[in-house]
Structures are given as C-alpha cells and as structure tokens.
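Please look through the sequence and the 3D structure shown below, and then follow the paragraphs that come after them.

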Amino acid sequence: MASKPEIIFQGSGVSPGVVLGQALKLDSHNRAILRIHVDDAEAEARRFLRAIEASKEQLEALKSRLEEKVGSEHSIILDAHLLMLEDRTLNEEILTNIREGHANAEWVLTQTTERLVRAYESLDDEYFRERHSDIENIAERILLNLSGDRPFSWDSLPGDLIIVSHDFNPSTFAVMDVQKVRGLVLESGGRTSHTAIISRGLRIPAVMGIREILDSVVTGDRLLLNGDDGQVVVNPSEARIESMRGQMEAFGSSAEYASSQTAWTAQIKNGSPVSLRANTELLHELSAAKKCGAEGIGMFRSEFLFFGHPQGFPSTEEQYSAYRKLVQEMNPYPVAIRTLDAGSEKVFKNDYLANQANPSMGLRGIRLSLRAKKVFSEQIEAILRASCDGKMEMVLPMVSTVEEIWQTKTLIEKVRADLLRIPGVKLDPVPLGVMIEVPAAVLSLEVLAKEVDFLCVGTNDLIQYMLAVDRGNPHVAYLFQPLHPAVLQCLKHISEVANKLNKPARICGEISSNPFVAVLLMGMGFRQLSMNPLSIPMIRRVLHEIPLDSAQEIAGKVLTLATAHEIGKYLTEAVSRLLKIDLAPYVREITDKMTNYE
Ligand code: PEP
Ligand code: MG
C-alpha cells in the first residue's frame with residue numbers, strides 16, 4: 001500500500017518534548033469515535049436503525065412543540081432534518097459499511113458524515129455550503145442516541161495516543177487515562193490555558209493554535225509532534241522520524257535529569273533562601289512534585305476534583321480524603337488548597353454556568369463559591385478537617401473586593417465553630433491567602449493584604465485582565481505579554497506592599513517557571529515561587545548562580561524599558577551573561593512566546 005503523504009503543520013509549542021504516536025481525534029464534545037470490530041454486524045445494523053428511529057421521534061416531538069409556539073412556517077428546518085434521516089441512499093450506504101466492514105455504527109456514521117460535510121463545504125453556492133451544519137446536527141443527534149448504550153471507554157485504546165481536537169476541556173484530564181496520552185494537538189488554545197498548564201505538569205508535549213489540522217488527520221494516523229518548536233507532521237517519513245530520534249530520546253530521559261538536580265537548597269546567590277513550591281491539579285502529580293524537590297504545594301487547583309465528577313461535585317468526605325493525602329504526602333512542607341475556581345471552564349454537570357457569555361469575567365472563583373454557599377461550606381469543612389494531618393493553607397481565587405474576603409472569613413468561622421461542637425474534633429489554624437489576579441486587587445492591595453496571612457499572585461489571569469487579552473484565544477496570543485511594562489509595574493507594586501506589610505507574596509502563574517523571569521522576580525523582591533513541578537530543578541539551579549545584587553540591577557533596568565520586546569531581549573542577554581549553564585532552548589522560549597510582538 002502506498003504510504004500517505006507527509007503534511008506539515010506549524011502551531012505554537014506550549015509543552016516541550018518530541019514524541020511519535022497515533023492520532024486520536026476528538027469531536028467538538030471531546031469524544032473519541034473509534035473503529036471497533038463488531039462480530040455480530042446484523043445486531044450493529046439494528047442498533048443503528050434504532051438510533052435513527054429514536055432520532056425521528058425526537059425531531060417529530062420537537063417539531064410539534066415548535067409549531068405550537070411559533071407556527072409551521074418556522075419548523076421547515078426540522079422537516080429538512082427529518083428528510084435527511086429518511087434518506088434511503090445514505091442509510092443504505094451506512095448499513096452496508098457496517099455489515100461488510102463489521103464496523104461499529106458510530107465510526108461508520110462519522111466517516112460518512114465527515115465525507116459529506118467536506119463535499120458540501122467545497123461547493124460554490126453559499127446556501128448549499130452552509131448546509132453542512134444541518135448534516136452535523138443530524139449526525140450529532142444519531143450519535144447521542146447511539147452512545148447511550150455504549151459509553152466511551154479508554155480501556156481498549158493503545159498507549160501511544162496523540163490527541164487531536166479543536167479544543168480540549170481541561171476537565172477531560174480528570175476522566176481520561178493520562179498514561180495512554182503521549183501528546184496533544186489543538187486547533188485553539190494558548191500557553192496559559194489550563195490545558196497547556198496541565199500538559200506541562202504531566203509532561204505531555206503539546207502544540208496549540210494549529211488552524212484546520214482536523215480536516216487532514218484521521219484517527220490512527222501517525223503523528224510526529226514537536227512541543228519545542230510547534231511543528232506537527234502528519235504521516236512523517238521514516239527519514240524524518242530517524243532525524244528526530246535523538247530529540248525523542250532526550251525527552252524520554254529529561255525527567256530523570258530534572259529530578260537529579262535537587263541537591264542544593266533553593267537560594268539566590270548571596271541572598272536569602274527562596275521557597276520553590278509546585279502547582280498541582282491532580283493527585284498523581286504529587287510524586288513529581290516530591291521528586292523535583294518542591295518545598296510544598298503553592299497552589300492546588302481544587303476544581304480538578306470537581307471536573308467530570310459523576311455526581312456533579314465531590315462529597316465532603318471525598319474532598320477531605322484528597323486534601324488529607326496532599327498534606328500528609330507533602331509534610332513537613334505546606335499545601336495551599338485554592339478553593340474552587342470554577343466558572344471559566346465547565347465544572348458542574350447540567351451547568352447553568354456553561355451559558356455565560358463571557359465566563360472569565362462572569363460568575364467564577366470566589367463569586368461562584370459565595371453564591372453556592374452549601375458547596376463552599378463543604379469545601380471549607382474538608383480543608384479544615386484535613387488541617388491536623390499536615391500543614392494546610394487556603395487561598396481564595398478571583399477576589400476583586402474586600403467584602404468577598406470578609407464574607408468568606410465569616411463562613412470559615414461558622415464552619416469551624418460547627419465542627420468544634422462535635423466531640424473529639426480538633427482543628428489546627430489554617431492560614432488564609434488571597435489570589436492577586438485582578439487589576440482591582442493590585443490597586444487595593446493594602447486593604448486586601450491586611451485581611452489575610454499571605455498573597456498568591458496569579459499572573460496568568462493578571463496579564464489577561466490587565467492587558468484585556470483572553471488567555472486562551474490564539475488570535476490575540478501575540479498580545480499576551482508577561483513582560484509588558486504595565487504587568488511588571490503591577491508586580492513591583494505587589495512586592496513593595498507585601499514587603500512593607502510583611503506578608504509573604506508567592507508568584508503562582510506560569511511566569512515563575514521561566515528562568516529569566518524568575519531572576520527578575522528575585523530582583524524585584526519576591527522570595528516565593530510556585531510552578532509546574534518539572535521546572536523546579538532548573539529554576540533552583542539558575543537562582544543558585546545569580547548574585548542577588550545583579551538580579552536587583554537587572555530588575556531596576558527592566559523597569560525603565562518601554563516594550564515587552566526590549567525587556568525580553570535585555571533580560572535574556574543580561575541573565576545569560578551571568579550563567580555558566582546553557583539556557584539556549586529557553587532563550588527561544590522567552591523571545592518567541594513572551595515578547596512576540598514584532
Ligand atoms: C493564575 O491566574 O495565574 C493562576 C495561577 O491561576 P489559574 O492559572 O488557575 O487561573
Ligand atoms: Mg487564575
């Protein structure tokens with residue numbers, strides 16, 4: 001059989017590493033439709049016909065409801081859908097392919113509709129070109145009726161998958177078998193989207209922002225993914241694979257390299273100790289955090305216990321056991337549980353929140369928790385109860401007013417008092433922190449800081465809100481500039497206020513894991529960073545080589561420069577001059593991904 005031609009795509013590498021694997025295409029609902037061999041093809045054909053019947057009944061019912069409300073002239077679209085369901089030629093083709101290929105109905109249906117959609121999309125006539133969405137609509141309905149009796153399972157999948165999808169809800173990480181996923185390729189997304197952050201945490205190489213790759217890939221195609229330079233090759237030639245072999249092997253062993261760099265205590269040369277903690281989302285990242293020498297968890301994104309939960313959200317007991325495991329495993333180091341930061345991505349099943357027009361500015365984080373007080377009280381209870389098992393901290397996300405802290409403190413006191421009424425219950429104090437990630441919080445920092453024990457600076461969101469740039473939108477990714485002078489002024493202000501009030505301030509956004517920025521942050525006066533666990537050894541090593549007074553000098557100069565590009569260039573050169581180790585790969589990272597406004 002002739003081999004398929006190579007196709008090369010360029011996107012942006014958001015999680016490093018080079019891997020080879022086979023494509024698993026997900027649809028717009030993050031489902032994978034796979035080809036499964038069915039022994040009894042007749043039974044499969046009947047299953048397909050039952051799904052068609054069920055779809056017809058639903059459409060008929062929908063049609064009469066619509067006619068009652070708005071009259072029959074508006075239900076014409078549903079007539080067209082019903083006609084498509086009854087299209088004999090199409091149904092016969094699908095049935096023949098099921099019978100002859102012994103293939104599952106979902107697979108045959110999606111293959112057939114994808115072909116039809118492509119044909120419609122290629123038409124000149126605009127009216128007919130638009131009809132492809134009707135076909136997708138109908139296919140979706142049939143699929144939903146099919147999937148009821150055969151839910152998707154990861155068990156039968158091979159272990160070298162590269163997921164290819166338009167977007168990828170981070171909640172899918174919580175339900176998928178991550179051991180089987182080698183890489184991730186998305187048409188959408190950006191470097192600080194949660195999907196990118198978690199990919200880095202799980203060491204899954206990822207490329208995002210590749211337009212229209214879905215049309216050129218089918219599940220099972222071989223893919224060569226380079227998370228460093230953002231290139232994805234579909235059906236790579238043997239020669240190309242050979243030429244990348246070295247990089248693939250280097251990625252395989254880099255985890256061991258990283259974990260062997262933990263010998264020094266973290267400190268900036270000639271300066272005070274530095275605390276390097278890990279950001280985590282899933283419990284099984286704990287071992288990476290410990291291996292890489294994290295001195296605690298700086299921020300546990302607790303929404304990942306909620307994502308994809310079969311009951312909608314976890315019980316108090318489930319949360320208690322997760323938090324207890326976290327503090328026990330990390331003891332004697334502290335663990336900061338960030339309370340539910342839901343809303344910007346879908347968390348709850350049957351979620352009315354899913355329909356917010358602008359979710360990242362909507363009912364998310366502390367706003368949602370204070371609205372859903374029962375769920376919030378349960379989370380607080382679980383955190384307080386686990387406080388005796390180690391060193392526990394609590395952090396509140398998306399705070400924009402001091403009233404939100406007051407209300408939360410009142411709730412914490414109530415939950416604490418209720419628990420203490422139970423005979424035998426003992427609770428330890430739990431320091432309270434606030435995420436500084438909204439410009440209003442930066443400008444009212446003194447007021448907020450006085451109410452809490454420590455600050456966590458969420459630069460991912462702070463950059464997004466400060467610069468009015470959606471962190472997940474590839475069209476404006478060039479404006480997502482962590483080194484924008486306005487962002488750096490915010491950081492300087494935070495450091496000054498925190499030091500004046502003697503409140504520890506921990507940088508928790510993705511910038512912490514960039515070695516150049518880490519030096520800049522030290523120069524500005526920060527002494528606590530929390531990051532993807534795998535970056536900790538590198539950051540520890542870099543800080544060890546940079547004298548504090550040089551870092552301060554660099555920070556002073558940076559604050560006088562006018563553009564992110566100039567700042568990035570100066571910072572990279574100044575830090576590189578002081579280092580004995582080669583940070584060449586990061587040089588590209590900082591210039592390409594942090595200051596890419598040219
Ligand atoms: C941030 O906003 O920088 C942060 C640390 O939180 P998240 O990425 O979960 O929004
Ligand atoms: Mg945030």
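Which residues are the protein donors of the magnesium ion (ligand 2)? They are Glu437 (OE) and Asp461 (OD), lying 2.0 to 2.2 Å from the ion, where donors are N, O and S atoms within 2.8 Å of the metal (3.2 Å for Na, K and Ca), and water is not among the atoms, so sites may look incomplete. Because Glu437 lies in the loop between β13 (432–436) and α16 (439–443) while Asp461 belongs to helix α18 (residues 459–467), the pair ties together parts that are 24 residues apart in sequence; helices (H or I, at least four residues) and strands (E, at least two) are DSSP runs, numbered from the N terminus. Glu437 is buried, with a relative accessible area of 1%, and Asp461 is buried as well, at 3%, buried meaning under 20% relative accessible area (1.4 Å probe, protein chains only).

This is a predicted model, in which local features need pLDDT of at least 70 and side-chain atom pairs count only at pLDDT 80 or more, whereas totals for chains, interfaces and linings use all residues. Residues are numbered from 1 along each chain as its sequence is written, chains are lettered from A and ligands numbered from 1 in the order in which they are written, and side-chain values use heavy atoms, with hydrogens and water left out.

Asp461 also leads to ligand 1, since a polar side-chain atom of Asp461 lies 2.9 Å from an oxygen atom of that ligand. Taken alone, ligand 1 exposes 290 Å², and the protein buries 100% of that, with areas from the Shrake-Rupley method and a 1.4 Å probe. The largest share of the shell around ligand 1, 3 residues, comes from α18.

Notes:
Buried < 20%, exposed > 50% of the residue type's maximum accessible area, 1.4 Å probe, protein only. Polar contact = N/O pair within 3.5 Å; in protein donor to acceptor, adjacent residues only side chain to side chain.
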